[in-house]
Amino acid sequence: MKQISSRFSIAVHILSLIAVSSKDCTGDFIAGSVNTNPVIIRRIMGMLKKAGLVDIRPGVGGASLLKDRDQITLLDVYRAVEVIEDGQLFNFHDDPNPQCPVGRNIEAALRSEMKEAQSAMEQRLAQVNLSQLAAQFV
């Protein structure tokens with residue numbers, strides 16, 4: 001199984017920084033806080049903009065939130081940065097041996113458990129908003 005992409009934690013970092021910062025949140029300023037290349041920040045900011053979470057002013061104008069902090073949940077961010085493939089957090093390994101009783105049945109045995117785990121995680125992410133996180137950074 002793959003790990004959830006770091007795009008999620010970077011996106012939450014970006015939005016949290018914009019939420020609490022009194023400075024203009026330019027790409028370079030955000031990249032300095034995240035400690036990563038500005039190109040990565042621009043790519044993720046584009047995803048957040050496409051999802052309607054941020055406005056990006058051209059040039060060195062910076063970024064701002066398009067919604068109130070308490071209206072942006074971690075689930076919104078998770079969905080915005082496409083951390084999962086085809087809506088499935090868990091993937092199955094390719095071509096288990098159909099001659100083996102485990103190989104033949106592993107996907108069917110795990111599928112409902114994995115869906116429930118993903119659903120529980122998504123429900124938890126929906127309960128936490130940016131305002132709640134931002135309160136921990138002051």
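## Lining of the largest pocket

In this predicted model, the lining of the largest pocket is made up of six nonpolar, five polar and three charged residues. The lining has 14 residues, and those nearest the centre of the pocket are Thr 26, Gly 27, Asp 28, Arg 42 and Gly 59. Two or more lining residues come from each of helix 2 (27-34), helix 3 (38-50), strand 1 (54-57) and strand 2 (62-65). Helix 3 is the main contributor, giving four residues to the lining.

The space in the largest pocket comes to about 240 Å³.

## Aromatic pair

One aromatic pair turns up in a search of the whole structure. The partners are Phe 8 and Tyr 78, set edge-to-face, with 6.2 Å from centre to centre and 85° between the planes. An angle over 60 degrees counts as edge-to-face, so the 85° of this pair falls in that class.

The two residues belong to distant parts of the chain: Phe 8 sits in helix 1 (residues 7-20) and Tyr 78 in helix 4, with their positions 70 residues apart. Both Phe 8 and Tyr 78 are buried.

## Salt bridge

The whole structure holds one salt bridge by the same kind of search. The side chains of Arg 111 and Glu 107 form the salt bridge, with 2.2 Å from N to O. Both residues lie in helix 5 and are four residues apart, so about one helical turn separates them.

Are the two partners buried or exposed? Neither class applies: Arg 111 has a relative accessibility of 29% and therefore counts as partly exposed, and Glu 107, at 38%, also counts as partly exposed. The partly exposed class lies between the cut-offs of 20% for buried and 50% for exposed.

## Residues with positive phi

Asn 35 has a phi near 65°, which is a positive value in a residue that is not glycine. Asn 35 belongs to the loop between helix 2 and helix 3. Its relative accessible area is 70%, so Asn 35 is exposed.

Asp 95 is another non-glycine residue with positive phi, at about 55°. The loop that holds Asp 95 runs between helix 4 (74-80) and helix 5 (101-126). With a relative accessibility of 74%, Asp 95 is classed as exposed, because the exposed class takes values over 50%.

Conventions. Residues numbered from 1 in each chain as written. Predicted model: local features only at pLDDT ≥ 70, side-chain atom pairs only at ≥ 80, totals over all residues. Heavy atoms only, no water. 1 Å grid on protein atoms, 1.4 Å probe; cavity = no way out; pocket = protein on both sides within 12 Å on 5 of 7 lines; lining within 4 Å. Points joined across faces, edges and corners; volume = space filled by probe spheres on them. Nonpolar A, V, L, I, M, F, W, Y, C, P; charged D, E, K, R; others polar. Buried < 20%, exposed > 50% of the residue type's maximum accessible area, 1.4 Å probe, protein only. Phe/Tyr/Trp six-rings, centres within 6.5 Å; stacked < 30°, edge-to-face > 60°. Salt bridge = Lys/Arg side-chain N within 4 Å of Asp/Glu carboxyl O.
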